[in-house]
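Got your viewer open? Let's take a walk through this one, one selection after another.

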Amino acid sequence: MTLTDNTGQTLSVCFAISGLNTGGGIERHVRDLARGLVNADCSVTILAHESYRSLFENSIEFRTIRFDRWRFSPFLLREFTKHVLKVNPSIVHAHGRKAAQVVSLTRKKFPSRCVLTVHNLNIKSQLYENFDTIIAVSPAVARRVDHPHVQTILNGCS
């Protein structure tokens, strides 16, 4: 089964993961989701700090982004945009507060659809409006997300 975007092209997903790899839920969630998409013949690219590299097999493209910088850093925003434009994914999928902010600040510079997975409620709600779809990891999180396109995908069910 090959997943395609709305133009019939093979689906290409670029995950943006902020922060350092702490071995928690976001890391496991993205790793499992990326593996599933590759198994469905999708193209997957990870944009994350170098500390995440060991989580992903060679079938998943990994590009290092220094997410340890200030979220409003023009260097971070330019580097992120450059990578997204080079990958040209169907979807940019953000995980984590800083990744949400970076995607929100740069999204007008690339044509990709943007998805945010909300793992907890520490993300400022005004960021939601800059995403096409919000995924909540539990019904409790979904109830607190004010967005017209919110879906619940339970943690561990990616």
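Which residues in α3 are buried? Select the helix, residues 97-106, and have a look. This is a predicted model, by the way. The buried ones are Lys98, Ala99, Ala100, Gln101, Val102, Val103, Ser104 and Thr106. That makes α3 a mostly covered helix, with eight of its 10 residues buried. Now show what surrounds the helix: the cover over the buried residues of α3 includes β1, α2, β4 and β5. As for direction, α3 lies across β1, β4 and β5 and runs at about 145° to β4.

**Next stop: the sheet**

Color the strands. Seven of them make an open sheet, and if you walk across it you meet β3, β2, β1, β4, β5, β6 and β7 in that order, paired in parallel. At the edges stand β3 (61-64) and β7 (150-152); each has a single partner strand, so one side of each is left without a neighbour in the sheet. Going from one strand to the next, the twist averages 20°.

Zoom in on β1 (residues 12-17) and β4 (residues 91-95), which pair in the parallel sense over five bridges. Pick out cysteine 14 here: opposite it, in β4, stands valine 92.

Then add helix α2, residues 74-87. This helix lies across β1, β2 (43-48), β3 and β4, and its direction is about 155° to that of β3.

**Into the cores**

Select Phe80, Val103, Leu116 and Phe131. Within the largest nonpolar core, which has 28 residues, these have the most contacts. Several elements feed this core: β1, α2, β4, α3, β5, β6 and α4 (139-143) each supply at least two residues. In soluble globular proteins, nonpolar side chains tend to be buried together.

What does phenylalanine 131 touch, leaving out residues up to four places away in sequence? Show its neighbors and you'll find Ala94, Ala100, Val103, Ser104, Arg107, Cys114, Val115, Leu116 and His147.

There is also a second, separate core, this one of 19 residues. To find it, select Phe15, Val30, Val38 and Phe56, which are among its members.

**Cysteines**

Select the cysteines next. How many disulfides does a search of the whole structure find? Zero. Take cysteine 42: it is in no disulfide, and the nearest cysteine sulfur, in cysteine 14, is 14 Å away. Cysteine 42 is buried, at a relative accessible area of 7%. Now move to cysteine 114. Its sulfur has cysteine 14 as the closest cysteine partner, but at 9.8 Å the two sulfurs are too far apart for a bond. Cysteine 114 is buried too, with a relative accessible area of 0%.

**Charged pairs**

Switch to the charged side chains; the structure holds eight salt bridges. Try these three:

- Arginine 63 and glutamate 61: their side chains form a salt bridge at 2.7 Å, N to O. Arginine 63 counts as buried at 16% relative accessibility, while glutamate 61 is partly exposed at 35%.
- Aspartate 68 and arginine 66: this salt bridge spans 3.3 Å, N to O. Aspartate 68 is partly exposed at 45% relative accessibility, and arginine 66 is partly exposed at 43%.
- Arginine 113 and aspartate 132: here the salt bridge is 3.7 Å, N to O. Arginine 113 sits in strand β5 (residues 113-118) and aspartate 132 in the loop between β5 and β6 (133-136), so the pair ties together parts that are 19 residues apart in sequence. Arginine 113 is partly exposed, at 47% relative accessibility.

Keep that last pair on screen and add Arg107: Arg107, Arg113 and Asp132 are linked in a network of salt bridges.

**Last stop: glutamate 50**

Where is the place of glutamate 50? Look in the loop between β2 and β3. This residue counts as partly exposed, at 38% relative accessibility. Setting aside residues up to four places away in sequence, glutamate 50 touches Phe62 and Thr64. To finish, draw a distance from glutamate 50 to valine 30: they are 20 residues apart in sequence and 15 Å apart in space, C-alpha to C-alpha.

Terms used. Residues numbered from 1 in each chain as written. Predicted model: local features only at pLDDT ≥ 70, side-chain atom pairs only at ≥ 80, totals over all residues. Heavy atoms only, no water. Disulfide = S-S within 2.5 Å. Buried < 20%, exposed > 50% of the residue type's maximum accessible area, 1.4 Å probe, protein only. Salt bridge = Lys/Arg side-chain N within 4 Å of Asp/Glu carboxyl O. Helix = DSSP H or I, 4+ residues; strand = E, 2+ residues; numbered from the N terminus. Pairing = 2+ DSSP bridges. Axes fitted to C-alpha atoms, helices over the stretch in contact; angles between N-to-C directions. Contact = heavy atoms within 4.5 Å. Core = buried A, V, L, I, M, F, W, Y, C linked by side-chain atoms within 4.5 Å.
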